[in-house]
Amino acid sequence: MRNAPDSTAFASLLAELADAYQAMPACDTRNLPITRVCYDAFTRELLAQFEVLQAFVSVEFTRENPYADSRAMFADIDTHRRLRVFTEGEPLPDYHPFALDLWSTPDARINVNSIFRAVHDGLAH
């Protein structure tokens with residue numbers, strides 16, 4: 001069994017990595033063909049998984065954070081067969097492929113990231 005890393009050194013490394021990540025410039029990936037192909041494939045897969053999710057629960061998108069924690073989310077799914085998905089928060093840059101609007105409802109604007117949140121919460125948790 002390996003020895004546990006020195007927590008102070010590990011915390012310092014994590015802080016250094018976080019600083020380096022934050023210092024990186026934003027990258028407009030739309031002009032990189034392989035990146036576009038990958039995001040397109042990922043989006044197609046997300047939409048297919050979203051269809052599967054909708055076979056089991058009603059998905060509602062909302063601008064208000066619907067749950068205090070995952071326990072409340074699971075209770076809603078179990079009791080009402082409903083998954084409410086938060087569509088707000090820190091917005092993605094307009095150039096990000098997940099910022100692409102797919103449709104809107106009276107309660108929310110639905111983009112690829114909203115579908116990702118629904119699939120993640122409904123199938124990955």
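Biologist: Which residues are exposed on the other side of α2, away from its buried ones?

Modeller: This is a predicted model. In α2, Thr35, Thr43, Leu46, Phe50 and Leu53 are buried. They cover an arc of only 80° around the axis, so they sit on the same side of α2. The exposed residues on the other side are Pro33, Ile34, Arg44 and Glu51.

Biologist: What covers the buried residues of α2?

Modeller: The buried residues in question are Thr35, Thr43, Leu46, Phe50 and Leu53. Their cover includes one helix and three strands. Those are α4 (112-124), β1 (58-62), β2 and β3.

Biologist: How far apart are the end C-alpha atoms of helix α2?

Modeller: Helix α2 runs over residues 33-54, which is 22 residues. At 1.5 Å a residue, the helix should span 32 Å. The model agrees, with its end C-alpha atoms separated by 32 Å.

Biologist: Which residue forms a salt bridge with Arg36?

Modeller: The partner also lies in helix α2, 4 residues apart from Arg36, or about one turn of the helix. Arg36 is partly exposed at 28% relative accessible area, and its partner is partly exposed at 30%. The closest N and O atoms are 2.9 Å apart. The partner is Asp40.

Biologist: How many residues apart in sequence are the parts that Glu60 and Arg84 tie together?

Modeller: Glu60 and Arg84 form a salt bridge, with the closest N and O atoms 3.5 Å apart. Glu60 lies in strand β1 and Arg84 in strand β2, so the pair ties together parts separated in sequence by 24 residues.

Biologist: Are Glu60 and Arg84 buried or partly exposed?

Modeller: Buried requires under 20% relative accessible area. Glu60 has 31%, and Arg84 has 26%. Both count as partly exposed.

Biologist: Is Asp76 buried or exposed?

Modeller: Asp76 forms a salt bridge with Arg82, the closest N and O atoms being 2.8 Å apart. Arg82 is partly exposed at 26% relative accessibility. Asp76 has a relative accessible area of 6%. With the cut-off for buried at under 20%, Asp76 is buried.

Biologist: How many salt bridges does a search of the whole structure find?

Modeller: Among them are Arg36 with Asp40, Glu60 with Arg84 and Arg82 with Asp76. The search of the whole structure gives a total of 5.

Biologist: Which residues does Ser114 contact, leaving aside neighbours within four places in sequence?

Modeller: Ser114 lies in helix α4. Its relative accessible area is 2%, so Ser114 is buried. Its contacts are Phe61, Val85, Thr87 and Arg109.

Biologist: Where does Thr87 lie?

Modeller: Thr87 is buried, with a relative accessible area of 14%. It touches Phe61, Thr62, Arg63, Ala108, Arg109, Ile110, Ser114 and Arg117, not counting residues up to four places away in sequence. Its place is the loop between β2 (82-86) and β3 (101-104).

Biologist: What separation do the C-alpha atoms of Pro93 and Leu123 have?

Modeller: Pro93 is in the loop between β2 and β3, and is partly exposed at 36% relative accessibility. Along the chain, Pro93 and Leu123 are 30 residues apart. Their C-alpha atoms are separated by 26 Å.

Biologist: What accessible area does the nonpolar patch of Phe10, Leu13, Leu14 and Leu17 have together?

Modeller: Leu13 is found in helix α1 (residues 7-23). Leu13 is partly exposed, with a relative accessible area of 43%. Together, the four residues named form a surface patch with an accessible area of about 370 Å².

Conventions
Residues numbered from 1 in each chain as written. Predicted model: local features only at pLDDT ≥ 70, side-chain atom pairs only at ≥ 80, totals over all residues. Heavy atoms only, no water. Patch = residues over 30% accessible without salt bridge, like charges linked within 9 Å, V, L, I, M, F, W, Y side chains within 5 Å. Areas by Shrake-Rupley, 256 points an atom, 1.4 Å probe, with all protein chains shown as cover. Salt bridge = Lys/Arg side-chain N within 4 Å of Asp/Glu carboxyl O. Helix = DSSP H or I, 4+ residues; strand = E, 2+ residues; numbered from the N terminus. Buried < 20%, exposed > 50% of the residue type's maximum accessible area, 1.4 Å probe, protein only. Contact = heavy atoms within 4.5 Å. Expected span 1.5 Å × (residues − 1). Arc of directions from axis to C-beta.
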